[in-house]
Amino acid sequence: MRYLRTSQDFLFTQLQYLPFSIKEHEISTLNQMSWLMKTAAIEMRVTSLNRQRSHTQRLLHLLLDDMPVKPYLADGEGGMEDESRSVSGFLHFDTASKVRRKILSILDSIDFSQDIPEPLQLDFFDRVQIEQVIANCEHKNARGQVVCNVKYLHRVLVAEVNALQGMAAIGQRPLLMEEINTILQYVVERNKLLQCLHAKRHALESWRQLVEIILTACPQDLIQAEDRQLIIRDLLQDVHDKILDDDAAQELMPVVAGAVFTLTAHLSQSVKTEQKQPLALPMTGQSQYVLMLDGSFTSSPGSESISMGFASVGDSSLHIILKKLLDFILKTGGGFQRVRTHLYGSLLYYLQIAQRPDEPDTLEAAKKTMWERLTAPEDVFSKLQRENMAIIESYGAALMEVVCRDACDGHEIGRMLALALLDRIVSVDKQQQWLLYLSNSGYLKVLVDSLADDDLTLQSLLTPQPPLLKALYTYESKMAFLTRVAKSQQGALELLRSGVIVRLAQCQVYDMRPETDHQGMYGMRDPPVFIPAPVERYRQILLPALQLCQVILTSSMAQHLQAAGQVLQFLISHSDTIQAILRCQDVSVGSLQELASLTGIISKAALPGVLSELDIDVNEGTQMELQGHIGRFQRQCLGLLSRFGGSDRLRQFKLQDDNAGGDRVNKRDEIELAMQQICANVMEYCESLMLQSAPSFQHAVCLFTPSLSESTNRDGPRQDTQTSVVPYWHLPGLGIIVYLLKQSTSDFFSYYDSHRQSVNKLQNVEQLPPDEIKELCQSVMPAGVDKISTSQKYVLARRRLVKLINNRAKLLSLCSYIIETCLFILWRHLEHYLLHCTPTDSQDPLLSSRMSFKKGRLQDSFGSEPNLDFSSGLNRVSQHDIEQLQIEATNSFGESLQKKLLDIEGLYSKVRSRYTFIQALVRRIRGLLRISRS
């Protein structure tokens with residue numbers, strides 16, 4: 001390559017004359033162009049790696065710049081057509097008289113149409129047999145082309161004629177030989193057709209390689225961002241126009257589909273890069289992460305900025321690309337599923353352009369009133385998304401049929417991409433046309449029923465040495481799509497009708513939970529491997545099912561009890577697995593995410609009144625068995641408070657890994673979030689149990705004993721962190737609630753400070769010291785940070801800060817919810833014990849009747865079992881217990897804690913919502929503690 005570059009300037013000289021004239025010697029000329037383009041691609045790759053910028057830039061200008069000799073370029077520089085000229089008019093120009101970018105001219109020179117020879121018309125030979133003989137004579141030549149050996153075919157046919165006997169055969173011999181000549185002539189034309197198609201495919205592959213090298217290997221700064229988008233737009237529109245022509249050969253579709261995939265991916269990436277240009281100064285009332293998509297920001301106010309719309313490429317051009325993509329998908333018809341796989345990937349990349357990028361939750365957006373949000377102008381993302389959906393819906397049932405069929409049947413990769421495409425379309429389909437089609441045509445039911453077929457395949461994946469994991473990835477795509485459907489109320493209803501939870505309850509794979517590897521404690525000591533361990537594979541199977549159940553429970557409003565009944569059946573069907581997860585002592589990311597999802601489901605499904613919604617005949621024995629299951633779920637969930645109510649393990653986890661970097665930092669964030677989510681779910685469960693089980697304040701169901709001793713014990717160092725302070729089969733004391741309240745209050749201020757610091761850092765990334773920038777980058781990219789440019793480091797640092805800000809915002813939301821729920825539960829219990837509870841050592845004649853009523857209410861909530869009495873502890877509440885409760889509660893719920901709680905309401909709760917409860921609950925608890933019992 002160096003010899004060609006330095007001696008004769010060979011490549012630049014030859015590329016100047018591309019495309020060659022191909023009128024007479026089409027095949028050889030196409031082959032010459034192919035090898036020249038491949039050599040040019042290698043040269044650009046080598047010069048880019050060796051940082052020979054001048055050589056790379058020279059070739060790039062040659063291939064991408066417009067030729068200034070033609071008159072149509074006078075309208076604008078860089079191939080930009082005049083606004084008055086339509087895009088279609090610009091695309092369908094006369095290539096003989098107008099010249100554009102050389103890379104486009106090369107594409108123009110490849111004729112996608114191909115003349116096919118007329119089929120054989122034979123009088124003597126059987127056509128089917130002749131086709132078979134021709135196929136038998138085919139072989140690969142030196143260039144790898146499959147052609148028919150004409151000489152060998154001639155010998156076979158002459159031998160067949162010579163074998164004929166009789167006078168008739170002798171008389172017809174001239175006619176037979178003439179027909180042999182016809183067959184041979186047909187084969188020669190067919191060989192030429194195959195060679196020509198091979199040459200065109202080879203030239204198209206070389207052109208695609210050259211384009212890919214230009215977009216990926218060459219230094220990004222050699223092509224301006226706006227020019228890059230316009231180049232990709234021109235390439236996409238031209239290549240689509242050529243393949244969508246009625247005469248285009250189907251054999252070229254796979255190569256074109258691959259090129260379209262690459263180009264769309266780079267278009268999406270280019271637009272996203274243009275979006276992520278943050279402003280140094282925050283704008284009042286807007287997100288801190290301002291996008292350079294606003295016409296008022298990208299240029300001065302005027303018609304030009306308005307007409308440009310979305311990014312540099314413009315809305316109208318994006319719409320044209322989308323329409324051509326959809327036309328290409330429909331052109332493939334019933335076959336060519338592998339071609340459609342590339343096109344589905346392209347369409348997913350295209351739809352990502354209108355997807356709003358991750359923005360930091362700075363807690364400022366909540367300050368807007370509802371009226372301001374409703375009357376806010378439509379942003380560019382929503383506008384493009386709405387217009388995209390209108391174009392997709394205009395293609396009607398034809399497009400729906402193709403995508404839905406590929407999602408249900410065919411090659412695994414094609415199914416995964418079709419499901420991902422359905423997921424994306426359903427998420428932006430406000431009219432729910434696609435959901436309606438999926439339901440009415442039966443495709444949704446087919447997907448749900450296929451879960452039973454997946455069951456056996458998934459069971460085989462839990463062996464130590466599994467087969468290929470294709471089935472697992474397809475299952476994950478399917479469950480992700482069903483979860484997306486369930487996020488709308490109508491979708492959740494359709495899934496309930498199709499029996500998706502019943503199918504999940506019947507799957508046996510969820511009962512095959514492998515033993516946890518305790519050597520992998522904290523989820524960090526095992527080195528990552530490509531094939532995950534059996535436990536991780538099992539979690540990849542179980543977690544999507546739990547998430548689907550949770551989303552259905554959240555989305556189903558009018559049918560909530562029906563959904564809860566079905567989910568309860570799912571829990572009971574796999575009760576051994578559920579209880580094993582609830583008892584698990586592992587503190588890895590996976591196990592905590594299992595617990596978080598599971599407690600979220602139990603808090604909404606295992607409630608009083610759900611048993612009446614079960615679709616089974618319940619006799620007295622079955623009723624007791626079901627109540628026993630629910631009681632165990634409830635007790636185990638309450639037991640989790642003893643494990644996660646404080647953050648003892650989290651403290652150990654932090655101390656052990658204070659200096660960890662990279663992936664471990666992300667895992668620590670995930671563990672922290674999962675632990676808070678578990679506590680929030682259990683507190684939600686306690687609140688629901690109390691509200692649904694108690695008809696009035698006087699007859700409240702108490703879940704906690706009137707003891708705060710656990711709170712004072714837990715404030716000191718704990719001796720045993722592996723087991724609960726209170727065994728899960730005993731009712732915990734109110735001390736756990738008080739401790740959780742204090743801990744969440746402390747955590748809130750820690751998260752709030754971290755959130756505020758991260759927001760400040762995001763606004764001033766360029767001013768951060770290099771060491772801190774490096775540390776932020778390493779949590780996103782553990783290796784190779786020193787090799788990337790400063791601008792790329794800033795991008796990675798911003799990405800990490802946005803993730804950190806959003807993580808802290810979620811933690812603040814969870815802490816706020818935990819605090820409010822803890823205060824509510826504490827208030828209800830204090831009100832019961834201090835106002836309505838009659839101690840056992842009192843002489844009240846109504847004692848026996850009231851206590852028996854309480855016992856019955858408690859057992860209704862927790863279920864009844866012959867050997868255990870969970871309300872006996874509450875029946876022995878003495879006057880001393882109540883007085884001690886009041887003294888300890890007064891000491892624990894002091895002025896400093898009350899001030900912190902009111903500060904939280906001012907800092908966070910009033911910012912997020914008009915409805916706040918902390919101040920009212922604090923006031924009521926303070927009033928209860930001041931009451932003196934006579």
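**Rings, charges and helix crossings**

Biologist: Glu-831 is found in helix α35 (residues 790-836). Is Glu-831 buried or exposed?

Modeller: A word on the ground rules: this is a predicted model, in which local features need pLDDT of at least 70, side-chain atom pairs count only at pLDDT 80 or more, and totals for chains, interfaces and linings use all residues. Residues are numbered from 1 along each chain as its sequence is written, and side-chain values use heavy atoms, with hydrogens and water left out. Buried means under 20% relative accessible area, exposed over 50%, and partly exposed in between (1.4 Å probe, protein chains only). Glu-831 has a relative accessible area of 14%, so this residue is buried.

Biologist: What distance separates the C-alpha atoms of Glu-831 and Ile-925?

Modeller: Along the chain, Glu-831 and Ile-925 are 94 residues apart. In space, their C-alpha atoms are separated by 8.2 Å.

Biologist: On to the rings: how many aromatic pairs does the structure hold, and what kind is the pair of Phe-748 and Tyr-752?

Modeller: Rings of Phe, Tyr and Trp (its six-membered ring) pair if their centres lie within 6.5 Å; planes under 30 degrees apart count as stacked, over 60 as edge-to-face and the rest as tilted. The structure holds seven such pairs. For Phe-748 and Tyr-752 the centres are 6.0 Å apart and the planes at 15 degrees, so this pair is stacked.

Biologist: Which helix carries both Phe-748 and Tyr-752?

Modeller: Helices here are DSSP runs (H or I, at least four residues; strands are E, at least two), numbered from the N terminus. Because Phe-748 and Tyr-752 are four residues apart, about one helical turn separates them. Both sit within residues 734-763, that is, helix α33.

Biologist: What is the relative accessibility of Phe-748?

Modeller: Its partner Tyr-752 is buried, with a relative accessible area of 16%. Phe-748 also counts as buried, because its relative accessibility is 0%.

Biologist: Where in the chain is Tyr-908, which also pairs with Phe-748?

Modeller: Phe-748 and Tyr-908 form an edge-to-face pair, 5.6 Å centre to centre with 80 degrees between the planes. This pair links distant parts of the chain, 160 residues apart: Phe-748 is in helix α33, and Tyr-908 is in helix α39 (residues 895-912).

Biologist: Which residues do ring pairs link into a cluster around Phe-748?

Modeller: Phe-748 and Tyr-908 are both buried. Ring pairs join them in a cluster made up of Phe-748, Phe-749, Tyr-752 and Tyr-908.

Biologist: Which ring does Arg-58 lie over?

Modeller: A charge sits over a ring if NZ of Lys or CZ of Arg is within 6 Å of the ring centre and within 35 degrees of the ring normal. One example is Lys-38, whose charged end is 4.9 Å from the centre of the Trp-35 ring. Arg-58 lies 3.7 Å from a ring centre, over the face of Phe-12.

Biologist: How many salt bridges does the structure hold?

Modeller: Side chains of opposite charge can pair when their charged atoms come close. A salt bridge is a side-chain nitrogen of Lys or Arg within 4 Å of a carboxyl oxygen of Asp or Glu. In this structure the number of salt bridges is 30.

Biologist: Which helices are linked by the salt bridge of Lys-200 and Glu-26?

Modeller: The side chains of Lys-200 and Glu-26 meet at 3.9 Å, N to O. The two residues are 174 apart along the chain, in helix α9 (residues 167-216) and helix α3 (residues 26-49).

Biologist: Which residues are linked in a salt-bridge network with Arg-513?

Modeller: Arg-513 bridges to Glu-594, with the closest N and O atoms 3.4 Å apart. Glu-594 is buried, because its relative accessibility is 0%. The network links Arg-513 with Glu-536, Arg-539 and Glu-594.

Biologist: How do helices α10 and α14 lie relative to each other?

Modeller: Axes are lines fitted to C-alpha atoms, for helices over the stretch in contact, and angles run from 0 to 180 degrees between N-to-C directions. Angles under 35 degrees count as roughly parallel, over 145 as roughly antiparallel, 65 to 115 as roughly perpendicular and the rest as oblique. Helix α10 (residues 225-243) and helix α14 (residues 315-331) have axes 10 Å apart at an angle of about 30 degrees. That makes the two helices roughly parallel.
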